[in-house]
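Visitor: Hi! I'm in my first year and I'd like to get to know this protein model. Could you walk me through it?

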Amino acid sequence: MTFFYPTASLDAFPPRLSPGYRSTPKRSPTKPLILMRHTLTELTGPVYGQDAVQPGDEDLTRQHAGEPLGERIIVHGRVLDEDGRPVPDALVEIWQANACGRYIHVVDRHPAPLDPNFTGAGRAKTDAEGHYRFVTIRPGAYPWGNHPNAWRPAHIHFSLFGHSFVSRLVTQMYFPGDPLFPFDPIFNSVTDEAARNRMIAAFDLDHTVPEWALAYRFDIVLRGRRQTPMES
């Protein structure tokens with residue numbers, strides 16, 4: 001399992017302190033970091049929690065009795081290393097807002113309706129060729145109070161685990177052509193344009209299911225010059 005940070009340019013990674021993203025000063029280190037030895041639990045602990053990934057965990061539209069509201073979409077892709085080789089058996093988790101742009105979270109005060117049939121979280125394991133696939137609802141944009149009239153572009157959070165807790169990587173997937181890109185300091189904290197564009201999924205007509213769901217492809221490269229930007 002090749003879960004390390006790469007030798008790519010640091011411009012491909014959002015800095016811990018981004019002045020445009022005003023909450024980063026509250027959590028950005030102000031003193032030199034201290035290296036802590038990893039414990040055996042951190043290095044060998046169960047990746048998937050108490051239960052293994054179950055069939056249906058990857059379909060966020062079938063987790064409740066009713067059908068969620070919004071546009072059904074398919075999000076799929078491959079997890080690859082720097083040489084384009086597949087990474088099998090990686091745990092891929094996603095979480096997102098609902099179609100109205102609201103998270104099912106106690107601190108989310110966005111005055112948009114919750115969907116009783118949509119929790120907004122799923123997980124899947126990559127197959128032998130590194131493929132993963134989710135069925136979900138296209139998330140809505142939402143206000144976030146960072147600056148006047150601040151709205152986050154529609155996005156899905158991705159978390160990837162290797163074979164231990166300390167091998168976790170986190171990124172965000174965006175949708176092509178979003179008009180909010182120029183105004184979002186989180187998206188633009190990745191200053192390298194080519195790297196920033198690697199966070200944008202590609203519309204995939206070949207995997208679109210007629211009369212059912214549009215598809216988007218989001219390949220994730222773990223390291224190297226073409227690595228997908230990851231959050232610190």
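**Rings, strands and charges**

Visitor: Let me begin with two rings: are Phe134 and Phe158 buried or exposed?

Guide: Both Phe134 and Phe158 are buried. Buried means under 20% relative accessible area, exposed means over 50%, and partly exposed is in between, with a 1.4 Å probe and protein chains only.

Visitor: Before we go on, what kind of model is this?

Guide: This is a predicted model, where local features need pLDDT of at least 70, side-chain atom pairs count only at pLDDT 80 or more, and totals for chains, interfaces and linings use all residues. Residues are numbered from 1 along each chain as its sequence is written, and side-chain values use heavy atoms, leaving out hydrogens and water.

Visitor: Got it. How many helices and strands are there?

Guide: The chain has 3 helices and 11 strands. They are DSSP runs numbered from the N terminus: helices are H or I with at least four residues, strands are E with at least two. Starting at the N terminus, the order is α-α-β-β-β-β-β-β-β-β-α-β-β-β.

Visitor: And what share of the residues counts as buried?

Guide: That is 47% of the 232 residues of the chain.

Visitor: Back to the rings! How many aromatic pairs does the count come to?

Guide: There are 10 aromatic pairs. Phe134 and Phe158 make one that is edge-to-face, at 6.5 Å centre to centre and 85° between the planes. This pair links distant parts of the chain, with Phe134 in strand 4 (residues 131-137) and Phe158 in strand 7 (residues 155-161), 24 residues apart.

Visitor: How about Phe181 and Phe187: what angle do their planes make?

Guide: Their planes are at 15° and their ring centres 4.4 Å apart, so Phe181 and Phe187 are stacked. Both of these residues are buried. For the rule itself, rings of Phe, Tyr and Trp (its six-membered ring) pair if their centres lie within 6.5 Å; planes under 30 degrees apart count as stacked, over 60 as edge-to-face and the rest as tilted.

Visitor: Which residues form one aromatic cluster?

Guide: Tyr132, Phe134, Phe158 and Phe218 do.

Visitor: Phe158 was in strand 7, right? How many residues of that strand are buried?

Guide: It was, yes. In strand 7, 7 of the 7 residues are buried, so the strand is largely enclosed by the rest of the structure. His155, His157, Ser159 and Phe161 point one way, while Ile156, Phe158 and Leu160 point the other way.

Visitor: Which strands pair with strand 7?

Guide: Strand 2 (residues 91-95) pairs with strand 7 in the antiparallel sense over 5 bridges, and Glu93 stands opposite Ser159 there. Strand 8 (residues 169-174) is also antiparallel to strand 7, over 6 bridges, with Gln172 as the bridge partner of His157. Two strands pair if DSSP finds at least two bridges between them.

Visitor: New topic: how many salt bridges are there?

Guide: The count is 10 salt bridges, each being a side-chain nitrogen of Lys or Arg within 4 Å of a carboxyl oxygen of Asp or Glu. One joins Arg152 and Asp184 at 2.8 Å, N to O. Arg152 lies in strand 6 (residues 151-152) and Asp184 in the loop between strand 8 and helix 3 (193-197), so this pair ties together parts 32 residues apart in sequence.

Visitor: Is Arg152 buried or exposed?

Guide: Arg152 is buried, with a relative accessible area of 2%, and Asp184 is buried too, at 0%. Arg152 also lies over the face of Trp144, 5.9 Å from the ring centre. That rule asks for NZ of Lys or CZ of Arg within 6 Å of the ring centre and within 35 degrees of the ring normal.

Visitor: Which residues are linked in a network of salt bridges?

Guide: Arg62, Glu67 and Arg72 are. Within that network, the side chains of Glu67 and Arg72 meet at 2.9 Å, N to O. Glu67 counts as partly exposed, at 35% relative accessibility.
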